[in-house]
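Biologist: I should be grateful for a close look at the helical packing in this model, taken slowly and residue by residue. Please begin with one helix and its neighbours, and then widen the view as you see fit.

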Amino acid sequence: MKKTVCFLMTFLLCIGLVCPLAFAENESPVTVKAKAYVLMDASTGEVLLKHNEHEKLYPASVTKIMPLLLVMEAIDSGKLDLNEKVTASPEAAAKGGSQIWLKDGETMTVHELLKAAVISSANDACTALGERIAGSEEGIVKRMNDRAKELGMNDTHFVNCTGLDDDTKDHLTSAYDIALMSKELLSHERIREYSTVWMDSLRNGATQLVNTNKLVRFYKGTTGLKTGTTSKAGHCVSASAERNGLHLIAVVMGSDNSKDRFEGAKALLNYGFANFKTVTPEYDKALITPVKIIKGYTGSIVPEVGTIAPITVKSGDESKIEAQVGLSTDVEAPVENGQKLGSITFKLNGKTIAEYPLTAGEEVKKLNLLEVMRRLLASLSVRPEN
């Protein structure tokens, strides 16, 4: 009997009618030859695919996403100008690895240094920019770690602003954390003016720049973002692309070679574009009815809903999104402008995917005694017709 049962189980496993649960759960729909990866929606931060996403690994030059974020924030806030000239320090000029061979005391504009740092991953240019906004490399590293904490990058500790790791064992981050800071950098659209450039030059054409991210040239919709390679880190990339309103980030860490890195990123992005869609949830406006105001100058008020943000769902699920409206039955005055009067909830397969408050679009003051008496007298003075 036992032999018969074993034979049947073996047969069913072979033809695929029964499969181990663990295998089904761990099976990935894409092949990515890397230690870790993440596919993230750049708009919402939702993780669509992942593998070892919190493993702490060396990021190499993908590190530069963080100082570039700080530079973009400084530019957008008016603290830094693209045309400002920056003088290279001895420390910046001495950086090895990828570089534009800055000389001690040489000046370049912020715009030129950004081109070098983003397109060619120049360590000297990135260091010069970091020193400009934070005073020193130590200063920029502190700000990088502080900003990482603010973004919830709990797997990350930066030691420098370049990603050079020959002299450190502590310069570590994760695929998930890289996706988080990539998402934040991509929110500054100006970065695309650099991250989508295939070739450029500096010093009146004397210094050629070629983008280290080959996807810029060969993958439709690429928006960036950053590559990195060292012997410790292997081959890494944070690749972003946008198609039909869907903006994705594919982070690949620890590939054995450059081809595996880019093929892995493309596989992740292709999977995302083939299986997900960005939609703006819709609702029946008739569901939002007036809310009664007790003892107010206005008897009722129609709640307002703010802008409904797009969300990412699996292709075909957009028709399954349901909107549920919950409103207060009545509210006693005074009512403040912006006061919550209810909410609208969007659900997919019973799970809440988005929720927005319904608020008062104006102030409603409470009736005073004088106004109550005036209204009472006005009602008494109205005589019915014979």
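Modeller: The account below begins with helix 3 and its two partners, turns to helix 5 and helix 6, and ends with aromatic pairs and one strand residue. The model is predicted, and every value that follows is computed from it.

Helix 3 covers residues 65-76, and helix 8 covers residues 175-186. The two pack with their axes 9 Å apart, at an angle of about 25°. An angle under 35 degrees counts as roughly parallel, and helix 3 and helix 8 are therefore described as roughly parallel to each other. The crossing of helix 3 past helix 8 is left-handed. On the side of helix 3, the contact is formed by I65, M66, L68, L69 and M72; helix 8 contributes I178, M181, S182, E184 and L185. By character, the residues of this contact comprise 8 nonpolar, 1 polar and 1 charged.

Helix 3 also meets helix 7, which spans residues 137-150. Here the axes come within 10 Å and cross at roughly 90°, so helix 3 and helix 7 are roughly perpendicular to each other. From helix 3, the residues involved are M66, P67, L69, L70 and E73. Their counterparts in helix 7 are I140, R143, M144, R147 and A148. This contact divides into 7 nonpolar residues, no polar ones and 3 charged ones. M66 and L69 take part in the contact with helix 8, and M66 and L69 are also listed in the contact with helix 7.

The next element is helix 5, residues 110-119, which is mostly covered, with 8 of its 10 residues buried. The buried residues are V110, L113, L114, K115, A116, A117, V118 and I119. Just after helix 5, S121 adopts a positive phi of about 55°.

Helix 5 packs on helix 6, residues 123-134, at an angle of about 135°, and their axes lie 8 Å apart. That angle makes helix 5 oblique to helix 6. Helix 5 passes helix 6 in a left-handed crossing. The contact brings together V110, L113, L114, A116 and A117 of helix 5 with A125, C126, A128 and L129 of helix 6. Its residues divide into 9 nonpolar, no polar and no charged. V110, L113, L114, A116 and A117 of this contact are also among the buried residues of helix 5.

C126 deserves separate attention. This cysteine is found in helix 6 and, at 2% relative accessibility, counts as buried. Leaving aside residues up to four places away in sequence, C126 touches K64, P67, A117 and C161. Of these neighbours, A117 belongs to the helix 5 side of the contact with helix 6, while P67 is one of the helix 3 residues that meet helix 7. For a sense of scale, the C-alpha atoms of C126 and T307 are separated by 38 Å, with their positions 181 residues apart along the chain.

Beyond the helix contacts, a search of the whole structure finds 3 aromatic pairs. One of them joins W198 and F218, whose ring centres are 6.4 Å apart and whose planes stand at 70°, so the pair is edge-to-face. W198 lies in the loop between helix 9 (192-195) and strand 5 (199-202), and F218 lies in helix 10 (residues 215-218), so the pair ties together parts that are 20 residues apart in sequence. W198 counts as partly exposed at 22% relative accessibility, whereas F218 is exposed, with a relative accessible area of 60%.

Another of the pairs is that of F346 and Y356, with ring centres 6.2 Å apart and planes at 80°, so this pair is likewise edge-to-face. F346 belongs to strand 17 (residues 340-348) and Y356 to strand 18 (residues 351-359), so the pair ties together parts that are 10 residues apart in sequence. F346 is buried, with a relative accessible area of 0%, and Y356 also counts as buried, at 17% relative accessibility.

Finally, T87 is found in strand 3, residues 85-87. T87 is partly exposed, with a relative accessible area of 48%. Apart from residues up to four places away in sequence, T87 touches G105, E106 and T107. T87 and S28 are 59 residues apart in sequence, and their C-alpha atoms are 49 Å apart in space.

Technical notes
Residues numbered from 1 in each chain as written. Predicted model: local features only at pLDDT ≥ 70, side-chain atom pairs only at ≥ 80, totals over all residues. Heavy atoms only, no water. Axes fitted to C-alpha atoms, helices over the stretch in contact; angles between N-to-C directions. Helix = DSSP H or I, 4+ residues; strand = E, 2+ residues; numbered from the N terminus. Parallel < 35°, antiparallel > 145°, perpendicular 65-115°, else oblique. Left-handed = near helix turned anticlockwise from the far one by under 90°. Contact = heavy atoms within 4.5 Å. Nonpolar A, V, L, I, M, F, W, Y, C, P; charged D, E, K, R; others polar. Phe/Tyr/Trp six-rings, centres within 6.5 Å; stacked < 30°, edge-to-face > 60°. Buried < 20%, exposed > 50% of the residue type's maximum accessible area, 1.4 Å probe, protein only.
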